[in-house]
Amino acid sequence: MEVLRKRPTGRGPAEWFTGDVWFDVIHAGTEPSRMRVNIVRFAPYARTAWHRHAAGQTLHVTEGIGLVCSRGGEVVVMRPGDTVHTPPGEWHWHGAAPDHFMTHLAMWEGTGESGVPETEWGEHVTDEEYHAPPAAG
């Protein structure tokens, strides 16, 4: 058994995020584990850039109200207790609603292959994309 001490909280880099985003690395597995888990905190209006994960990603909202969208899809509202999975290779973004903070666990896996990135980052989400009406329901 190994006790892993908490690392310092990090600020989300401007290349990957719009607005104020902070994260805590919970687990960054080393081989043979490829599991990655972060707690990510988004200020109102903050969001990721478009991105995709080689092995997919699962988000679990712990507080606040968030938004998530896959490329070509509708914006979906996320609430505490909601879990959202994006399959491998699916371009998506996620973040806080305009008037709420939002915190989620972000869980994904490394590829286990040297030279194959686990996450590919794209362009920033535009205000028009962010403000698209959410899906009914």
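## Why these labels fit

User: Why is Gly10 called buried?
Analyst: Happy to walk through it, with the reminder that this is a predicted model. Gly10 has a relative accessible area of 15%, and buried means under 20%, so the label fits. The residue sits in strand 1. Not counting residues up to four places away in sequence, Gly10 touches Val21, Trp22 and Phe23.

User: How far is Gly10 from Met107, along the chain and in space?
Analyst: In sequence, 97 residues separate Gly10 and Met107, and their C-alpha atoms are 17 Å apart.

User: What makes Trp16 and Trp121 a stacked pair?
Analyst: Two values decide it. The ring centres are 4.8 Å apart, and rings pair if their centres lie within 6.5 Å. The planes meet at 5°, and planes under 30 degrees apart count as stacked, so the pair earns that name. It is among five aromatic pairs found in a search of the whole structure.

User: Where in the chain do Trp16 and Trp121 come from?
Analyst: From distant parts, 105 residues apart. Trp16 belongs to the loop between strand 1 (10-11) and strand 2 (17-18), while Trp121 lies in strand 13 (residues 119-121).

User: Which exposure class do Trp16 and Trp121 fall into, and why?
Analyst: The partly exposed class runs between the buried limit of 20% and the exposed limit of 50%. Trp16 has 36% relative accessibility, so it counts as partly exposed. Trp121 has 25%, so the label is again partly exposed.

User: Why is the pair of Phe17 and Trp121 called tilted?
Analyst: Here the centres are 6.0 Å apart, within the 6.5 Å limit for a pair. The planes make an angle of 55°. Because stacked needs under 30 degrees and edge-to-face needs over 60, with the rest being tilted, this pair counts as tilted. Phe17 in strand 2 and Trp121 in strand 13 are 104 residues apart. As for exposure, Phe17 has a relative accessible area of 11%, so it is buried. Ring pairs link Trp16, Phe17, Phe42 and Trp121 into a cluster.

User: Which residues lie nearest the centre of the largest pocket?
Analyst: Trp16, Phe17, Asn38, Trp108 and Trp121, out of 22 lining residues. Strand 3 (21-28), strand 4 (35-42), strand 6, strand 12 (102-109) and strand 13 each give two or more residues to that lining. The volume of this pocket is about 340 Å³.

User: How do you know that His53 is buried?
Analyst: Its relative accessibility is 4%, and the buried class is under 20%, so His53 belongs there. His53 lies in strand 6 (residues 51-53).

User: What makes the link between the side chains of His53 and Gln57 a polar contact?
Analyst: The distance is 3.2 Å, and N or O atoms must be within 3.5 Å, with one able to donate a hydrogen and the other to accept it. A second polar contact, of 3.4 Å, joins the side chains of His53 and His51. Leaving aside neighbours within four places in sequence, His53 is in contact with residues including His92, Trp108 and Glu118.

User: Why does His104 count as buried?
Analyst: At 1% relative accessibility, His104 is under the 20% limit, so buried is the right word. This residue is in strand 12. Its side chain makes a polar contact of 3.0 Å with the side chain of His94. Beyond four places in sequence, His104 touches Asn38, Val40, His60 and His94, among others.

User: What makes Arg47 a charge over the ring of Tyr45?
Analyst: Arg47 lies over the face of Tyr45 at 4.7 Å from the ring centre, and the limit is within 6 Å, together with a position within 35 degrees of the ring normal. Arg71 is placed over the face of Trp50 too, at 4.2 Å from the ring centre.

User: What is the phi of Tyr45, and which exposure class does Tyr45 have?
Analyst: Tyr45 has a positive phi of about 80°, although it is not a glycine. It is found in the loop between strand 4 and strand 5 (47-48). With a relative accessible area of 28%, it falls between the 20% and 50% limits, so it is partly exposed.

User: Why is Leu67 called buried?
Analyst: Its relative accessible area is 8%, under the 20% limit, so Leu67 is buried. Leu67 is found in strand 8 (residues 66-70). Its contacts beyond four places in sequence include Val75, Met78, Trp93 and Tyr130.

How values were computed:
Residues numbered from 1 in each chain as written. Predicted model: local features only at pLDDT ≥ 70, side-chain atom pairs only at ≥ 80, totals over all residues. Heavy atoms only, no water. Helix = DSSP H or I, 4+ residues; strand = E, 2+ residues; numbered from the N terminus. Buried < 20%, exposed > 50% of the residue type's maximum accessible area, 1.4 Å probe, protein only. Contact = heavy atoms within 4.5 Å. 1 Å grid on protein atoms, 1.4 Å probe; cavity = no way out; pocket = protein on both sides within 12 Å on 5 of 7 lines; lining within 4 Å. Points joined across faces, edges and corners; volume = space filled by probe spheres on them.
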